[in-house]
Amino acid sequence: MVVAKVWRLARRPVGTPRLEDFVLEEEVLPACGEGDVIVEAVALSVDPYMRYRARLIPLNSVMFGTQVAKVIESKNPKWPVGTHLVHCEGWRTHTRLTTQDFKDKPLFTSPLPEMGDLPKSLGIGLLGMPGNTAYFGLLDLCKPKAGDTVLVNGAAGAVGSAVVQIAKIKGCTVIAFAGSDEKVAWVKELGADHVFNYKTTSIGDALSKAAPKGINIYFDNVGGKFTAEALHHMADFGCVALCGAISTYNEERKEDVATPTGAFKESVLITKQLRVEGFLIYRWGNRWFEGLNQIRDWILQGKLKYKETVVHGFEKMPSAFIGLFQGENIGKAVVML
Ligand SMILES: NC(=O)C1=CN([C@@H]2O[C@H](COP(=O)(O)OP(=O)(O)OC[C@H]3O[C@@H](n4cnc5c(N)ncnc54)[C@H](OP(=O)(O)O)[C@@H]3O)[C@@H](O)[C@H]2O)C=CC1
Ligand SMILES: CCCCCC(=O)/C=C/[C@H]1[C@H](O)CC(=O)[C@@H]1CCCCCCC(=O)O
């Protein structure tokens, strides 16, 4: 009999999530039937979108999320004991995956890419959903050309740090923002041309100096006031990739009313003739391993670097998650078991 520990959403977070919003429980797993596997979590992901999902999932649900897990029991010859895979059954130590799971969620119940001696935890980071978000969001949606000026915020995070480096690989000038001097130093090491601490710098002044001819591509992880300012510094016909808006996830929802006071002032979008497009990484599900294999090759060639902020222990899931909104992570935030 396998007993899983699971974190459930005990109540809807108000503002920044709190430890009391989550409850730790035990759950006896059903037996491993024909075609099933039982897996044990190795590395669990905490991601900003979980705050958004916490508005949507029913109370008492297991928190949604991806993890790298190891098969510990198998009645499926495709997935022998010892195999590692990525699945999205959430904040749980042990999981039974059925043939139906493999069929229904191929993108989120998948093998790790071939990664040699690289750490398996990269399967929820640079060699997983965040890496592909940077890869496809920048390359497919924005189509950068050598010489373009690219702006990215959240630049020391999982997605942003990959965007910085991929933009440099493509020959762009990169302007990046992050939330501490330590993060700024690391993003400079990654090759960004101009890096600022948004907590101690005027965003407008920094952009005027760093991008006197305007920004061609803005990869937005933050939204809110940052975006309201950044749009004024776009070059004509620039592209804005709306990847995330972490600065707004803890805000209470207001009614959707047409208002000229938000980040997107129509006059700026129209007069600069901007292309503004939101995206979800699912869009490139059919090209998943194309992105991961290219990223893996760039890592092995020394062109892409990564950092992980590792928290040890399943009981730390909620605090690691809350830490995302307090800027605690450099690179990908990972909970290791
Ligand atoms: N569209 C899609 O399919 C996907 C979108 N995303 C989005 O990409 C963005 C980055 O995700 P990811 O790289 O995984 O997360 P990160 O690894 O970057 O972690 C979050 C970081 O965001 C920064 N941050 C937190 N609060 C604020 C704030 N109020 N203002 C500015 N920065 C803040 C913090 O760094 P700092 O110290 O710099 O403030 C924090 O460390 C998120 O918005 C996420 O929702 C992610 C994956 C897929
Ligand atoms: C305003 C929310 C922006 C969320 C951006 C983000 O981080 C997206 C991440 C996706 C990740 O690839 C895996 C997911 O499940 C995330 C999507 C979560 C939002 C889905 C909302 C669907 C809905 O409203 O029906």
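**Exercise 1.** Which residue is the bridge partner of alanine 241 in β13?

*Solution.* Start with the strands (DSSP runs of E, at least two residues, numbered from the N terminus). β12 covers residues 234-242 and runs parallel to β13, with 4 bridges joining them; two strands pair if DSSP finds at least two bridges between them. The partner of alanine 241 is glutamate 277.

A word on the material: this is a predicted model, where local features need pLDDT of at least 70, side-chain atom pairs count only at pLDDT 80 or more, and totals for chains, interfaces and linings use all residues. Residues are numbered from 1 along each chain as its sequence is written, chains are lettered from A and ligands numbered from 1 in the order in which they are written, and side-chain values use heavy atoms, with hydrogens and water left out.

**Exercise 2.** Place β13 in its sheet, and say why one side of β13 lacks a neighbour there.

*Solution.* Write down the order first: β10-β9-β8-β11-β12-β13, an open sheet of 6 strands with parallel pairing. Now look at the ends: β10 (194-197) and β13 (275-278) are edge strands with a single partner each, so one side of each has no neighbour in the sheet.

**Exercise 3.** Find the polar contacts (pairs of N or O atoms within 3.5 Å) that ligand 1 makes with tyrosine 198, asparagine 221 and cysteine 243.

*Solution.* Begin with the side chain: an N or O atom of tyrosine 198 lies 2.5 Å from a ligand 1 oxygen. Then turn to the backbone: asparagine 221 places an N or O atom 2.8 Å from an oxygen of ligand 1, and cysteine 243 places one 2.9 Å from a ligand 1 nitrogen.

Key
A polar contact is a pair of N or O atoms within 3.5 Å; within protein, one must be able to donate a hydrogen and the other to accept it, and residues adjacent in sequence count only if both atoms are side-chain atoms.
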